[in-house]
Amino acid sequence: MEKKNIDWANLGFGYMPTDKRFVANYKDGKWDEGVLVSDAAVVISECAGVLQYSQSCFEGMKAYTTEDGHIVTFRPDLNGERMEDSCRRLEMPVFPKEKFVEAIAKTIEANAAWVPPYGSGATFYVRPYMFATGPVIGVKPADEYQFRVFGTPVGPYFKGGVKPLTLRVCDFDRAAPHGTGHIKAGLNYAMSLHAIVTAHAEGFDENMYLDAATRTKVEETGGANFLFVTKDNKVVTPKSSTILPSITRRSLLTVAKDYLGLEVEERTVYFDEVKDFAECGLCGTAAVISPVGKIVDHGKEICFPSGMTEMGPVITKLRDTLTGIQMGSIKAPDGWIKVIK
Ligand code: PLP
Ligand code: COI
């Protein structure tokens, strides 16, 4: 199989249509088998539940080419489980996680020529998503849904690759107590758009959201969880019922403990403590681990000792170990890597 002629090293985090996408439809109370199709266009009713009341959810994951030439993906079962959770909370029909994993495998395999080569610095981002296609005009769940998966080659999520980021403490909230912050609902991201546009306009790379109820606890950013490192090398990550349970963050805690022998803590992190940490990073599928150099709280700067030019030593080790596991140069824990071909 010949790879596409793409300048892999200079890709940003953007969309380009690839050859095939997976489509399954839910009608009369059941999912059909689903097929791979070539047409990237979606045609739905003007009154579809997704258009009227934003009934949609999605996932994000990556496929990698390993050193020995296989195409693999990372813990897809956890994305499948999280999508099941999103569906239940949004009154959407669950797309079973076993079928989910099959669908992403088919999509990746059918687009193998678009999966960036090992060592190129790029990866293949896979986007499973579901939305209500059935018409609704009263506020209620639709009767019909579509589940789709496409993939697109991507470079780093943040411009400048792994250069430390500057965040601002955001005055907007991302998620309400007992709301939808813990699931991957499209509406959470619509909510964050004004916050990210204004952050960028003010020269910041991302927003740090605090908890909506007390505004004293660190939550997450618009697209990644936080990871902090204490001055004595302990890895600390916020625990909250209103943040997305990041698969990258959960994996990094295992990497920190079992591969690097570090102590880890998943707990409430108060904003007041942030100034005392030695390193800070954002973790997620798209972000991998991106270092944070500075957080600005209404003019007051918190500058991490790791600085604005380089990634701190612990975050570097975490990143290298995780990406080594994903690309096959470091042995993965059982069940973490699914070989596609
Ligand atoms: N938090 C938010 C709000 C996200 O959108 C994402 C991305 O999926 C993450 C965290 C990271 O999650 P994961 O590591 O599962 O990609
Ligand atoms: C991901 O990391 O997969 C995300 O979904 C984050 C962002 C692109 C929304």
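**View 1. His178 and Asn233, two non-glycine residues with positive phi.** His178 is exposed, at a relative accessible area of 79%. The exposure classes are buried (under 20% relative accessible area), exposed (over 50%) and partly exposed (in between), taken with a 1.4 Å probe and protein chains only. His178 sits in the loop between β9 and α4. Its phi is positive, about 65 degrees, although His178 is not a glycine. Asn233 also has a positive phi, near 65 degrees. Asn233 belongs to the loop between β11 and β12. Its relative accessible area is 38%, so Asn233 is partly exposed. Most residues other than glycine have a negative phi. Helices (H or I, at least four residues) and strands (E, at least two) are DSSP runs, numbered from the N terminus.

The model is predicted: local features need pLDDT of at least 70, side-chain atom pairs count only at pLDDT 80 or more, and totals for chains, interfaces and linings use all residues. Residues are numbered from 1 along each chain as its sequence is written, chains are lettered from A and ligands numbered from 1 in the order in which they are written, and side-chain values use heavy atoms, with hydrogens and water left out.

**View 2. The salt bridge between Arg174 and Glu220.** A salt bridge is a side-chain nitrogen of Lys or Arg within 4 Å of a carboxyl oxygen of Asp or Glu. By this rule the count is 16. In this pair the N to O distance is 2.9 Å. The two residues are 46 residues apart and link distant parts of the chain. Arg174 comes from the loop between β9 (165–169) and α4 (186–201), Glu220 from the loop between β10 (206–208) and β11 (225–229). Both Arg174 and Glu220 are buried.

**View 3. Salt bridges at strand β13.** Glu265 pairs with Lys234, with the closest N and O atoms 3.3 Å apart. Glu265 lies in β13 (residues 264–267) and Lys234 in the loop between β11 and β12 (235–238), so this bridge ties together parts 31 residues apart in sequence. Glu265 is partly exposed, with a relative accessible area of 22%. A network of salt bridges links Lys234, Glu263, Glu265, Arg267 and Glu273. Glu266 forms a salt bridge with Arg249 (2.9 Å, N to O). Arg249 belongs to helix α5 (residues 247–259) and Glu266 to β13, so the pair ties together parts 17 residues apart in sequence. Arg249 is buried, at a relative accessible area of 5%. Glu266 is partly exposed, at 39% relative accessibility.

**View 4. The contact between domain 1 and domain 2.** The domain assignment gives domain 1 as 8–154 and domain 2 as 165–325; such bounds come from an automatic or database assignment. Their C-alpha centres lie 26 Å apart. Domain 1 gives 19 residues to the contact and domain 2 gives 21. Contact means heavy atoms within 4.5 Å. The two domains bury about 1600 Å² between them, 65% of it on carbon and sulfur atoms. Buried area is the accessible area (1.4 Å probe) that two parts lose on being put together, summed over both. On the domain 1 side, Phe58, Arg82 and Arg89 lose the most area to domain 2, together 38% of what that side buries. Zero salt bridges are found across this interface.

**View 5. Surroundings of Glu84 in helix α2.** The helix spans residues 76–89. Glu84 is buried, with a relative accessible area of 12%. Leaving out residues up to four places away in sequence, Glu84 touches Val94, Phe95, Pro96 and Lys97.

**View 6. Leu36 in strand β3.** The strand covers residues 35–37. Leu36 counts as partly exposed, at 33% relative accessibility. Its contacts, not counting residues up to four places away in sequence, are Lys20, Arg21, Phe22, Lys106, Thr107 and Ala110. The C-alpha atoms of Leu36 and Val149 are separated by 9.2 Å, with the two positions 113 residues apart along the chain counted as their separation.

**View 7. A nonpolar surface patch of Tyr53, Ile137 and Val139.** The patch area is about 350 Å². Patches are made of residues with over 30% relative accessible area and no salt bridge; like charges are joined within 9 Å, nonpolar side chains (Val, Leu, Ile, Met, Phe, Trp, Tyr) within 5 Å. Accessible areas come from the Shrake-Rupley method with a 1.4 Å probe, and for residues only the protein chains shown count as cover. Val139 lies in the loop between β7 (123–132) and β8 (145–154). Its relative accessibility is 72%, so Val139 counts as exposed.
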